[in-house]
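Colleague: Got a minute to go through the charged pairs in this one with me? Drop it in here and we'll start.

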Amino acid sequence: MSKVFLSAKLPTATTQILTDHHFTVQTYTGTGLISHAELLRQVSDVDYLITPLSTQVDAEVIDAAPHLKLIANFGAGFNNIDAAYARTKRIQVTNTPAVSTNSVAEVTIGLMLALSHRIVEGDQQMRTTGFPGWAPLYFLGHEIAGKTLGIVGFGNIGREVARKARALAVNVQYWQPHRLSDPEERSLGVTYASFADLVANSDFISINAPQTKENHHQFDAAIFQQMKATAYLINVGRGPIVDEAALLTALQQKEIGGAALDVYEHEPAVTAGLEKLTNVILTPHIGNATVEARAAMGTIVANNVVLVEQGQAAKFVVNS
């Protein structure tokens, strides 16, 4: 009977699929994230590894699992796995794209609204100093209608953010290395901008890009100086795209209006000082943290294990 190791607790329906197909399923149930040492110990006799993006699966882990056939990543990203090394060992690596698109896009729009209307800041004030009473100039924010959103990274999530933003009367421009066709742009109601123009002209900048070698610290001190002083930066893509130390300085010096981060450069750690700023919203990587999205992700990883066990091709292989 083939053995599957889950390096974190997953939805019950995920394990049910595996047990229904007669796999031996073992789950890490310790406190916090699984350690590298514990992972090494657990994978020694497993055939399949299902892991969230918070688990680092490096060459050492792969070498410690001589029977491993598949690493099924529970997440759209897979930069936590040495997929290239896994390929040399003929181990497939899969991810779970698309199913979290709507959830992440909703969070992006939610952070836009929360920043512009100072919702989190208002909640904190109500819980501390309290509400002194309504006044015409008290606690003013901004409407997002008519503002310009610049989206960096225009895959499934970026396009869904654009659709939702357009429904709220927001002007949308996007940048990515390859421009869409004219019919695609017109159907989405978006315009293409160079990266420099997007940075300079956007009231909101949403990072919806995957992490690559090329975009490490794409948003650094020089870029923050080019943004509008009233602009907001939202990162729901990958943490290392933003130089958080430079972001902190830019916020402290009021070079930009504010920021909302759902992912972090040194995740799960947050750059000290960001938590003290009232114009910053920090959320614990909840982009796809919905019952619906996580259930769909669980179905994908479990079904991929079943497919490989049956000698069929897995779906969403990222290192073929």
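Colleague: Is Glu160 buried or exposed?
Modeller: Glu160 is buried, because its relative accessibility is 16% and the cut-off for buried is under 20%. Bear in mind that this is a predicted model.

Colleague: Ok, and which side chain does Glu160 meet in a salt bridge?
Modeller: Lys164, with 3.1 Å from N to O.

Colleague: Where do those two sit?
Modeller: Both are in helix H7, residues 156-167. They are four residues apart, about one turn of the helix.

Colleague: Switching topic: what does Glu185 pair with?
Modeller: Arg179, through a salt bridge whose closest N and O atoms are 2.8 Å apart.

Colleague: And how accessible are the two ends?
Modeller: Glu185 comes out at 5% relative accessibility, so it counts as buried. Arg179 is at 55%, so that one counts as exposed.

Colleague: Which residues do shared salt-bridge partners join into one network?
Modeller: Glu160, Arg163 and Lys164.

Colleague: What about helix H2, which residues form a pair there?
Modeller: Glu38 and Arg41, which lie three residues apart in H2 (residues 36-42), about one turn of the helix. They form a salt bridge, with the closest N and O atoms 2.9 Å apart.

Colleague: Arg41, buried or exposed?
Modeller: Exposed, because its relative accessibility is 53% and the exposed class starts over 50%.

Colleague: Last one: how many salt bridges in the whole structure?
Modeller: The search finds 12.

Definitions and conventions:
Residues numbered from 1 in each chain as written. Predicted model: local features only at pLDDT ≥ 70, side-chain atom pairs only at ≥ 80, totals over all residues. Heavy atoms only, no water. Salt bridge = Lys/Arg side-chain N within 4 Å of Asp/Glu carboxyl O. Buried < 20%, exposed > 50% of the residue type's maximum accessible area, 1.4 Å probe, protein only.
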